Amino acid sequence: MISTSTDVTIELSKKVPAKAGAVAVLTAREGPPQGLDLLPQSDRAAVQALVDVKALPARPNEIASQIVQQRPMHRVWIVGLGESKKISAQSLREAGAAVAKHARRHKLEHVALIVPDLLQHGGPGETSYQSTLEALVTGFLLGSFTFREYKGSASKIDKQTPSQARLTLVASNT
């Protein structure tokens with residue numbers, strides 16, 4: 001493996017994996033979080049608690065977090081996308097990168113991301129769902145990138161093995 005590569009595993013699932021350290025849900029500024037029907041009841045309650053206290057992110061790529069106490073303990077993140085009229089593939093890429101950076105900051109190796117069908121249209125020959133998946137995965141890969149080539153051999157960071165990130169995309173139509 002090249003020292004500048006990204007060590008990420010991407011998988012698709014119809015339900016949230018039990019070992020995920022965090023579950024991310026996307027939301028537009030005006031609307032409720034998307035894809036709540038794919039979440040377990042305890043996660044839905046945590047998201048609803050954030051909605052009730054109006055703690056939803058207003059700006060794009062801002063993340064609100066809530067800890068779910070039910071075993072196994074994990075976090076629920078609500079990721080802001082900005083205004084619903086301005087949601088594009090680029091805003092989804094940026095949201096995917098924000099999730100990857102937030103996971104690295106909190107030292108989480110496994111994150112589940114609920115995939116909503118938010119885009120109005122896809123690219124040429126693609127559905128909006130395919131474009132959404134591609135944008136989220138691309139953003140997560142770019143956000144997970146760690147450049148280690150010129151850090152020097154005396155650095156303790158080089159001697160540590162980088163942790164592998166795992167993203168599970170949860171969608172009802174996988």
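# Salt bridges, cores and backbone oddities

E11 sits partly exposed, with a relative accessible area of 29%. That value, like everything below, comes from a predicted model. E11 is also a good place to start, since its side chain meets that of R166 in a salt bridge, one of three in the structure. After the charged pairs come two separate nonpolar cores, and then a cis peptide bond from R71 to P72 and positive phi values at K54 and K107.

**Salt bridges**

- Side chains of opposite charge can pair when their charged atoms come close.
- In the R166–E11 bridge, the N to O distance is 3.5 Å. R166 belongs to strand β6 and E11 to strand β1 (residues 8-13), so this pair ties together parts that lie 155 residues apart in sequence.
- How exposed is R166? R166 has a relative accessible area of 34%, so it counts as partly exposed.
- E83 and R29 make another salt bridge through their side chains, at 3.7 Å from N to O. This pair also links distant parts of the chain: E83 is in the loop between β4 and α2, R29 is in the loop between β2 and α1, and the two are 54 residues apart.
- Both partners of that loop-to-loop pair are partly exposed, E83 at 26% relative accessibility and R29 with a relative accessible area of 43%.
- E62 pairs with R59, and here the closest N and O atoms are 3.0 Å apart.
- Buried or exposed: where does R59 fall? R59 has 53% relative accessibility, so it counts as exposed, while E62 is partly exposed at 28%.

**Nonpolar cores**

- The largest nonpolar core has 29 residues, and within it L26 and W77 touch the most other members.
- Which elements give two or more residues to this core? They are β2 (22-27), β4, α2, β5, α3 (128-144) and β6 (165-170). Of these, α3 gives the most, with six residues.
- Leaving out residues up to four places away in sequence, L26 touches P33, Q34, V79, L81, L92, A95, L113, I114, P116 and L136.
- There is also a second core, separate from that one, with 16 residues. Among its members are A20, V25, V76 and A112.

**Backbone oddities**

- Most residues other than glycine have a negative phi, and most peptide bonds are trans. The next few spots go the other way.
- The bond from R71 to P72 is cis, and its omega is near -10°. P72 is found in the loop between β3 (63-68) and β4 (74-80).
- K54 isn't a glycine, yet its phi is positive, at about 55°. Look for K54 in the loop between α1 (41-52) and β3.
- K54 is exposed, with a relative accessible area of 75%.
- K107 has a positive phi as well, near 60°, and is likewise a residue other than glycine. Where does K107 lie? Its place is in the loop between α2 (89-105) and β5 (110-114).
- With 73% relative accessibility, K107 counts as exposed.

Note on methods:
Residues are numbered from 1 along each chain as its sequence is written. This is a predicted model: local features need pLDDT of at least 70, side-chain atom pairs count only at pLDDT 80 or more; totals for chains, interfaces and linings use all residues. Side-chain values use heavy atoms; hydrogens and water are left out. Helices (H or I, at least four residues) and strands (E, at least two) are DSSP runs, numbered from the N terminus. Buried means under 20% relative accessible area, exposed over 50%, partly exposed in between (1.4 Å probe, protein chains only). A nonpolar core is a set of buried Ala, Val, Leu, Ile, Met, Phe, Trp, Tyr and Cys residues joined through side-chain atoms within 4.5 Å. Contact means heavy atoms within 4.5 Å. A salt bridge is a side-chain nitrogen of Lys or Arg within 4 Å of a carboxyl oxygen of Asp or Glu.
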